[in-house]
Amino acid sequence: MNTHPTTAPNTRSPRPAVAAVVLGTVALLTSPVVVGGALGVIGLVLGPFAARTARWTGAGRGMALTGTVLSALAVVAAAVTAVFAVWFADLTRDCYEYREVGQWTQCVQQQFDRR
């Protein structure tokens, strides 16, 4: 009979790591509408926190790292989207007077042809 106490496996759920992955995924999916950038910033805070927690609990390190990377990608994608939107709006600012889609499309095409 074994009289030595055995340690129970870690059954604690890596909640911060799961939250980091979910937040990073949602942030990346919503980054084209720039909302993902804000969620990505939150994920960039939560990811390293989850990694530190994983160091203590022994669970969730990979998920924490994945969440951090996804969040960073979301921030970059949202920034690129915002820069593109500002560039496009500046390029086509003369076309905003048109109310019909056909006229607006023709104006935008002319603006691109000038470049």
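**Entry 1. Helix 1 and helix 3**

I began with the crossing of helix 1 and helix 3, which is left-handed; a crossing is called left-handed if the near helix is turned anticlockwise from the far one by less than a right angle, and right-handed if clockwise. I note that this is a predicted model, in which local features need pLDDT of at least 70 and side-chain atom pairs count only at pLDDT 80 or more, while totals for chains, interfaces and linings use all residues. Residues are numbered from 1 along each chain as its sequence is written, and side-chain values use heavy atoms, with hydrogens and water left out.

I then looked up the geometry: the axes of helix 1 and helix 3 cross at roughly 25° and come within 7 Å. Axes are lines fitted to C-alpha atoms, for helices over the stretch in contact, and angles run from 0 to 180 degrees between N-to-C directions. The angle makes helix 1 roughly parallel to helix 3; under 35 degrees counts as roughly parallel, over 145 as roughly antiparallel, 65 to 115 as roughly perpendicular and the rest as oblique.

For the contact (heavy atoms within 4.5 Å), I listed Ala17, Val18, Ala20, Val21, Gly24, Thr25, Ala27 and Leu28 on helix 1. Helix 3 contributes Met63, Ala64, Thr66, Gly67, Leu70, Ser71, Leu73 and Ala74. By class, I recorded 11 nonpolar, 5 polar and no charged residues in this contact. Here Ala, Val, Leu, Ile, Met, Phe, Trp, Tyr, Cys and Pro count as nonpolar, Asp, Glu, Lys and Arg as charged, and the others, Gly among them, as polar.

**Entry 2. The overall fold**

I counted 4 helices and 0 strands in the protein, and along the sequence the pattern reads α-α-α-α. Helices (H or I, at least four residues) and strands (E, at least two) are DSSP runs, numbered from the N terminus. Of the 115 residues, 27% count as buried; buried means under 20% relative accessible area, exposed over 50% and partly exposed in between, with a 1.4 Å probe and protein chains only. Among contacts with a separation of 6 or more, I found that 62% join residues 24 or more positions apart.

**Entry 3. Helix 1 and helix 2**

I next took up helix 1 and helix 2, whose axes lie 8 Å apart at an angle of about 160°. The two helices are therefore roughly antiparallel to each other, and helix 1 passes helix 2 in a left-handed crossing. On helix 1, I listed Pro16, Ala17, Ala19, Ala20, Leu23, Val26, Ala27 and Thr30. They meet a set of helix 2 residues that includes Val35, Gly36, Leu39, Gly40, Ile42 and Gly43. This contact has 13 nonpolar, 6 polar and no charged residues.

I singled out Val26, which lies in helix 1 and is partly exposed, with a relative accessible area of 38%. Val26 stands 45 residues from Ser71 in sequence, and their C-alpha atoms are 8.8 Å apart in space.

**Entry 4. Ser31**

I asked where Ser31 is placed. Ser31 sits in the loop between helix 1 (15-30) and helix 2 (35-57). Its relative accessible area is 3%, so I entered Ser31 as buried. A polar atom of the Ser31 side chain lies 2.8 Å from the backbone oxygen of Leu28. Leaving out residues up to four places away in sequence, I found Ser31 touching Gly36, Ala74, Ala77, Ala78 and Thr81.

**Entry 5. Helix 3 and helix 4**

I turned to helix 3 (residues 61-91) and helix 4 (residues 101-114), which pack at an angle of about 100° with axes 10 Å apart. That angle makes helix 3 roughly perpendicular to helix 4. Trp87, Phe88 and Leu91 of helix 3 make the contact with Trp104, Val108, Gln111 and Phe112 of helix 4. I recorded these residues as 6 nonpolar, 1 polar and no charged.

**Entry 6. Thr92 and Gln111**

I located Thr92 in the loop between helix 3 and helix 4. Is Thr92 buried or exposed? At 0% relative accessibility, I entered Thr92 as buried. Not counting residues up to four places away in sequence, Thr92 touches Val108 and Gln111. Thr92 and Val108 are 16 residues apart in sequence, with 5.9 Å between their C-alpha atoms.

The side chain of Thr92 also makes a polar contact of 3.3 Å with the side chain of Tyr96. A polar contact is a pair of N or O atoms within 3.5 Å; within protein, one must be able to donate a hydrogen and the other to accept it, and residues adjacent in sequence count only if both atoms are side-chain atoms.

I closed with Gln111, which lies in helix 4 and, at 8% relative accessibility, counts as buried. Apart from neighbours within four places in sequence, Gln111 is in contact with Leu91, Thr92, Asp94 and Cys95.
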